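Me: Please give me a close look at how the aromatic rings and charged side chains are arranged in this model. I am new to the structure and would like one connected account.

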Amino acid sequence: MKRNFTWCALVMFGLGAMLTSCKKHPQSAKTGMKYNDKYNGGFQVFKKTHPAPGPGLVPIEGGTFVLGGSADQDVSFDYNNIRRRVTVPSFYMDDTEVANVDWLEYLHWLNINYPGDRELYYNALPDTLVWRKPLSYNEPYVDNYLRHPAFQDYPVVGVTWDQAQEYCTWRTDRMNENILRESGQLVTWKDAANKGGGKKGAAGAAPAAGGSKEPFNTEIYLNGQIKGPGVDGKHMMADLNPNAKPAQGGKKGGKPTRTVGMEDGILKQAYRLPSEAEWEYAALGLVGNTENENITDGKMYPWNGMGMRSPKKRTRGLMLANFKRGDGDNMGVGGYLNDKADITAPVRSFVPNDFGLFNMAGNVNEWTADTYRQLSFEDVDDFNPFRGNEFKDKRMADPEKGLLAKDKYGRPIKDAAKSNKKQKWSELTVAQQQAATVNNANATPANGATLPAGIAANPAAPAIAATGTTAPGSIPADIKNGSGKPYTADQRGFEDSTSTVLYGVTTLVNDHSKVYKGGSWNDRAMWLNPATRRFMDQDDASAEIGFRCAMTMVGATEIHPDSRPHFVERKPKPYKAKAK
């Protein structure tokens, strides 16, 4: 009996488990119908568990703090970090900066999956020329810093904000693909490589560009567009839908199976850049100075105290971060190098803060997701503050079938959102038809889908949409390119005169200005304060700027609930129908 109970308590794939038990099915508290029963419709509900973080991440329990509050004074007199109390939800964050070896893995994947696409590979390369200085001999770093094994665990630099975003997208897909292949939802890496024509052991080596096989994409998979013979794994989820057809690949015996959905709790959230507020909150690590909602001591840096040196007996006097102490002093004196780093240092150097994060001060500055504005701290919401939203909608290749349009790399095409609310079905189909008319000139939609009824392949043709819209030649300007007039609630958007007409005249701030924080190996101590903020164009790169990724935490916000008092959770009583 004990063995049976233990078996029922196991978590499927370590990520989520179906709410089944040895004796009875759980049931709906509102209808009384049983969950996970193939005879009453097969609605599946899985065990509510706190999701584990993705690879490389540590949990950051959120809470309230004073944004900009750790700054002792506004040294640069920018007046851009006015103190403001805000709340940051719990999230996950990389414990280290993304290292050179991590970026080389990314480049390797692009090279083996798109061997003929030199443009894609070139665009992903960091700008190693950021090391060049007119009056400094840095050519060895230009040639060696990214690729030489001696620097493999050093933070990657020369990466633009846009490149960091692309890396986050790639990392998300590789993580979720690995989860599905390791758990048997998709074919194994070995089988995928062999069937794709790659050599034995060269997982994912089948060329995708111009071939019949496209790399895995999380959003396309969740929409049910990655499945079928040769793709489905041997341990797919059982489909309890009474209308489900027997599987063509996957479980033996032809039993109905299905792809993984978000409701299963198996796939993880997307990697992304942390917001400015998240980054500052995580860098401070006030959790180590908090007891029963009382912060016993504030912080000026990610460590306690006002100084830059270690107060502990064994390491007394050593620098706590990699920064520039003064003109001409980047690492100390020969024979006793203080921070042991002339430029950057390995990503796990120095002591982590109370959240377990390394180098949240010094080493390299780090990109955040926010668009820079001087008065952001006064303008943003006090819950989960962020500036830089560009709302997107996925384009449909076939609205009737629910198929998403894909680009040549197998990723969903996203257009600027038209509204901040759910559209009516008629509005959605008209907008998608208009977008398809313009964007598919002289071509069929992505992934081979046909155009909706009434839409010609050539936008010059006098076709009229079945819903009664005007001919393609008279489509309004705000529908051109399938993007439409974007919805934005930011007052400093594309129509702002400061961002457009006056850029380069009275200001260097526009919508491409992105915030970076943390201080670097070549910065003075003042920039190591988490409240300081600077900006750079999203297309520019520097030898002093790297990045780390974050991930949204879903569900319960508490990280360690066992040590705190709680109200007893009362579960709904099972409903029993009484026979007359």
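Reply: Lysine 514 lies over the face of tryptophan 161, at 4.4 Å from the ring centre. This placement, like everything below, is read from a predicted model. A second charge is placed over a ring as well: the charged end of arginine 181 sits over tryptophan 189, 5.1 Å from the centre of that ring.

Rings also pair with one another, and the structure holds 24 aromatic pairs. One of them joins tyrosine 141 to phenylalanine 151 in an edge-to-face arrangement, with 6.4 Å from centre to centre and 75° between the planes. The two residues are 10 apart in the chain: tyrosine 141 belongs to helix α4 (residues 139-144), whereas phenylalanine 151 is in the loop between α4 and α5 (161-183). Is each of these residues buried or exposed? Tyrosine 141 has a relative accessibility of 18%, so it counts as buried, the limit being under 20%. Phenylalanine 151 has a relative accessible area of 16% and is therefore buried too, by the limit of under 20%.

Another pair is made by tyrosine 281 and phenylalanine 355, whose ring centres are 5.9 Å apart; their planes meet at 40°, so the pair is tilted. Here the partners are 74 residues apart in the chain, with tyrosine 281 in helix α8 (residues 276-284) and phenylalanine 355 in the loop between β11 (336-337) and β12 (365-371). Tyrosine 281 and phenylalanine 355 are both buried. Ring pairs can also build up a group: Trp103, Tyr106, Trp109, Tyr114, Tyr167, Trp170, Tyr409 and Phe547 are linked by them into a cluster.

Helix α8, which holds tyrosine 281, deserves a further word. Nine of the nine residues of α8 are buried. Charged residues are among them, including Glu276, Glu278 and Glu280, alongside nonpolar ones such as Ala277 and Leu284. Two of these glutamates, Glu276 and Glu280, take part in a network of salt bridges with Lys517 and Arg533. An α-helix has 3.6 residues a turn, so residues three or four places apart point the same way. Directly after α8, glycine 285 takes a positive phi of about 60°.

The network leads to the salt bridges in general, of which the structure holds 23. Arginine 171 and aspartate 94 form one of them, with their closest N and O atoms 2.8 Å apart. This bridge connects helix α5, where arginine 171 lies, to strand β4 (residues 91-94), where aspartate 94 lies, across 77 residues of the chain. Both arginine 171 and aspartate 94 are buried.

A second bridge brings the side chains of lysine 406 and glutamate 214 together at 2.9 Å, N to O. Lysine 406 is in the loop between β15 (403-404) and β16 (414-416), and glutamate 214 is in the loop between α6 (189-195) and α7 (218-222), so the bridge ties together parts that are 192 residues apart in sequence. Lysine 406 is buried, with a relative accessible area of 11%, whereas glutamate 214 is partly exposed at 36%.

In a third bridge, glutamate 219 meets lysine 394, the closest N and O atoms being 3.4 Å apart. Glutamate 219 sits in helix α7 and lysine 394 in strand β13 (residues 392-394), 175 residues apart. Glutamate 219 has a relative accessibility of 27% and counts as partly exposed; lysine 394, with a relative accessible area of 36%, is also partly exposed.

Aromatic residues are found at the surface as well. Phe77 and Tyr79 form a nonpolar surface patch with Ile82, and together the three have about 350 Å² of accessible area. Tyrosine 79 itself is in the loop between β2 (63-67) and β3 (84-88).

The setting for these details is a protein chain with 10 helices and 20 strands. Of its 580 residues, 44% count as buried. Among contacts between residues at least 6 apart in sequence, 66% join residues at least 24 apart. The chain exposes about 32000 Å², and carbon and sulfur atoms supply 54% of that area.

Methods. Residues numbered from 1 in each chain as written. Predicted model: local features only at pLDDT ≥ 70, side-chain atom pairs only at ≥ 80, totals over all residues. Heavy atoms only, no water. Helix = DSSP H or I, 4+ residues; strand = E, 2+ residues; numbered from the N terminus. Buried < 20%, exposed > 50% of the residue type's maximum accessible area, 1.4 Å probe, protein only. Contact = heavy atoms within 4.5 Å. Areas by Shrake-Rupley, 256 points an atom, 1.4 Å probe, with all protein chains shown as cover. Phe/Tyr/Trp six-rings, centres within 6.5 Å; stacked < 30°, edge-to-face > 60°. Lys NZ or Arg CZ within 6 Å of the ring centre and 35° of its normal. Patch = residues over 30% accessible without salt bridge, like charges linked within 9 Å, V, L, I, M, F, W, Y side chains within 5 Å. Salt bridge = Lys/Arg side-chain N within 4 Å of Asp/Glu carboxyl O.
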